[in-house]
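Let's take a walk through this one together. Pull up the coordinates in your viewer and keep the sequence close by.

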Amino acid sequence: MKKKLIIIANWKMNPPTVLEAKKLFSAICRSARRLRKINVVVCPPSLFLGNVRNSAMSQCALGAQDVSVKSSPSGVGAYTGEVSSAMLASLGVRYVLVGHSERRTLGETDAMVSQKIHAVIRDGLTPVLCVGEAVRDKEGEYLHFLRKEINDSLGSVKKRDISKIIMAYEPIWAVGKNAERADTPDELFEMTILIRKIIGESYGRSIAMALPILYGGSVDENNAEAFLLRGGIQGFLVGRASINPDIFGHILKKAESVKSSEH
Ligand code: PGA
């Protein structure tokens, strides 16, 4: 059977109140209700995870936007302000974004990302590894950048664990409200080929071909279909459009209607 698409809502630091978070979560889960081809994952701010889970319907899985680099096997420690992967698991979280560009901007290194992936897998959750270049220069330096970022972020991930990872390709220039534009489906297709090549070099071709790759960066209801048809991807990581339940609902609908043979 064809694997389901994965569409992840990354709410970032939104909405401002727990009441709004519960409403938004319920609205998204309502849109997800009759989807057969899509796994919908919602990543609220960690503070709201428990609250939205209690209002949860089984149509949506829960994800976290980040995890502590200090996540120890015991899940506890003297790390003020940190949240461990064991804590996330105990709340019913199943996916964790790791290495989002907005966290890397705050100082997260590839080595830290690698440690986080290790902890997330150890605690039985699925890491969503975010990678992407800041600029797409004419000389093609960004291709080398991406190769290094992927290899260093995966660090010591063993072959037996690589199939537990989801990759999210998010070119930084396409992300957020200051984005230049979204990527184009054709350029995205080339990037997914490159990502599979890089993974294939370390882990073998069959693992590389099976790796789910999501696209993120200014995804909306107008470009979602073309990305799925021609981008070589298995889903999306959606930022801004995911805090508007109508727009996010349209994206889900468009994705559901793309013929399964076409992604
Ligand atoms: P955007 O953000 O959809 O608002 O561009 C995507 C992301 O940061 O995950």
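What follows is a short tour in four stops.

One thing to keep in mind before we start: this is a predicted model.

Let's begin with helix α1, which covers residues 18-32. A quick sanity check on its geometry goes like this: with 15 residues at 1.5 Å a residue, the helix should span 21 Å, and its end C-alpha atoms are indeed 21 Å apart, so the two agree. Now colour the helix by burial. The buried residues of α1 are A21, L24, F25, S26, A27, I28, C29 and A32. When you look at how such a list falls around a helix, it helps to recall that an α-helix has 3.6 residues a turn, so residues three or four places apart point the same way.

Next, jump along the chain to helix α8, residues 185-203, where you'll find L194. Is L194 buried or exposed? Its relative accessibility is 15%, and because the cut-off for buried is under 20%, L194 counts as buried. What does L194 touch, once neighbours within four places in sequence are set aside? Its contacts are L143, L146 and R147. Take L146 as an example: L194 and L146 are 48 residues apart along the chain, yet their C-alpha atoms are separated by 9.1 Å.

Now for the cysteines. A disulfide is a covalent bond between the sulfur atoms of two cysteines. How many disulfides does the model have? The count comes to 0. C43 is in no disulfide, and the nearest cysteine sulfur to it, that of C130, is 9.0 Å away. Looking from the other side, C130 is in no disulfide either, with the sulfur of C43 as its nearest cysteine sulfur at 9.0 Å. That distance rules the pair out because a disulfide needs sulfur atoms within 2.5 Å. As for their surroundings, C43 is buried with a relative accessible area of 1%, and C130 is buried too, at 2%.

C130 also leads us to the last stop, since H100 touches it. H100 sits in the loop between β4 (93-98) and α4 (101-104). Despite being in a loop, H100 is buried, with a relative accessible area of 4%. Not counting residues up to four places away in sequence, H100 touches N10, K12, C130 and E170. With E170 there is a polar contact of 3.2 Å between the two side chains. A polar atom of the H100 side chain also lies 2.9 Å from the backbone nitrogen of E102.

Note on methods: Residues numbered from 1 in each chain as written. Predicted model: local features only at pLDDT ≥ 70, side-chain atom pairs only at ≥ 80, totals over all residues. Heavy atoms only, no water. Helix = DSSP H or I, 4+ residues; strand = E, 2+ residues; numbered from the N terminus. Expected span 1.5 Å × (residues − 1). Buried < 20%, exposed > 50% of the residue type's maximum accessible area, 1.4 Å probe, protein only. Contact = heavy atoms within 4.5 Å. Polar contact = N/O pair within 3.5 Å; in protein donor to acceptor, adjacent residues only side chain to side chain.
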